[in-house]
Amino acid sequence: MDTGLLILRLLVGLLVAGHGVQKVSSHLGGRGLAGGTEEFRADGFRGGALTALAAGGGQIGSGLLLAAGLLTPLAATGVIGVMTVALTVKWRHGLWVQNDGYEYPLVLIGTAAALAATGPGTRSLDAALGLTPYPPWWAALALAAGLGSGLLTRLLLHRPAPAAPHAAAPDGR
């Protein structure tokens with residue numbers, strides 16, 4: 001079981017961290033901070049570069065913590081939070097990723113929640129530092145705080161779509 005948890009933590013944690021690197025730099029195929037800023041603006045978010053830096057930094061930090069198995073509930077909270085924002089962006093496209101849907105963010109949210117529930121395993125920094133096992137309520141807290149922070153971010157930083165202009169009636173009214 002510990003080998004499985006290690007593989008899962010490394011895979012998901014490093015992918016989330018890599019996704020964050022892409023938001024703020026030209027490494028790993030990213031378009032730099034300007035590209036990350038443009039992406040957030042295109043998705044209707046306020047804040048420009050600061051939003052891209054916060055999202056990228058959150059993904060890098062929570063992804064690396066998750067990969068290392070360090071402060072696992074906190075790491076899971078961060079992953080759940082940033083991926084909840086991504087899920088809200090993709091929601092209108094439906095579930096499946098081939099339609100630009102929210103399938104991938106949902107898998108990452110579920111995986112982070114599962115790791116918060118199971119703990120990072122014995123091959124982790126949490127175990128080496130004697131921080132495990134975490135009480136079961138940490139998983140519920142990580143899920144609630146992650147979902148809540150992601151939804152709050154969406155609420156505070158997302159601009160509503162502009163109203164469509166009204167077409168004039170045939171008689172010009």
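These exercises explore a predicted model, each with a worked solution.

**Exercise 1. The main core**

Task: Find which residues touch the most other members of the largest nonpolar core, and which elements give two or more residues to this core.

Solution:
- Step 1. Start with the core itself. The largest nonpolar core holds 20 residues.
- Step 2. Pick out its best-connected members. L66, V79 and M83 touch the most other members.
- Step 3. Turn to the elements. Two or more residues come from each of α1 (2–24), α4 (72–90), α5 (103–118) and α7 (137–157).
- Step 4. Look at the shares. α4 gives the largest one, seven residues.
- Step 5. Put this in context. In soluble globular proteins, nonpolar side chains tend to be buried together.

**Exercise 2. Around V79**

Task: List what V79 touches, not counting residues up to four places away in sequence.

Solution:
- Step 1. Set aside residues up to four places away in sequence.
- Step 2. Read off the contacts that remain. V79 touches V16, S62, G63, L66, L108 and A112.
- Step 3. Link back to the core. L66 and V79 are both among the residues that touch the most other members.

**Exercise 3. A second core**

Task: State how many residues the second core has, and name some of them.

Solution:
- Step 1. This core is separate and has six residues.
- Step 2. Among them are F40, F45, A55 and V89.

**Exercise 4. Positive phi**

Task: Locate L28 and L71, then decide whether each is buried, partly exposed or exposed.

Solution:
- Step 1. Check the backbone of L28. Its phi is positive, about 60°, although L28 is not a glycine.
- Step 2. Place L28. It lies in the loop between α1 and α2.
- Step 3. Classify L28. Exposed means over 50%. L28 has 58% relative accessibility, so it counts as exposed.
- Step 4. Repeat for L71. Its phi is near 50°, again positive in a residue other than glycine.
- Step 5. Place L71. It sits in the loop between α3 and α4.
- Step 6. Classify L71. Its relative accessible area is 36%, so L71 is partly exposed.

**Exercise 5. Two more loop residues**

Task: Describe G47 and its distance from L11, then the peptide bond from T132 to P133.

Solution:
- Step 1. Place G47. It is found in the loop between α2 (32–42) and α3 (48–68).
- Step 2. Classify G47. Its relative accessibility is 48%, so G47 counts as partly exposed.
- Step 3. Compare chain and space. G47 and L11 are 36 residues apart along the chain, and their C-alpha atoms are separated by 30 Å.
- Step 4. Move to P133. It lies in the loop between α6 (125–128) and α7.
- Step 5. Inspect the bond from T132 to P133. Omega is near 0°, and the bond is cis.

How values were computed
Residues are numbered from 1 along each chain as its sequence is written. This is a predicted model: local features need pLDDT of at least 70, side-chain atom pairs count only at pLDDT 80 or more; totals for chains, interfaces and linings use all residues. Side-chain values use heavy atoms; hydrogens and water are left out. A nonpolar core is a set of buried Ala, Val, Leu, Ile, Met, Phe, Trp, Tyr and Cys residues joined through side-chain atoms within 4.5 Å. Buried means under 20% relative accessible area, exposed over 50%, partly exposed in between (1.4 Å probe, protein chains only). Helices (H or I, at least four residues) and strands (E, at least two) are DSSP runs, numbered from the N terminus. Contact means heavy atoms within 4.5 Å.
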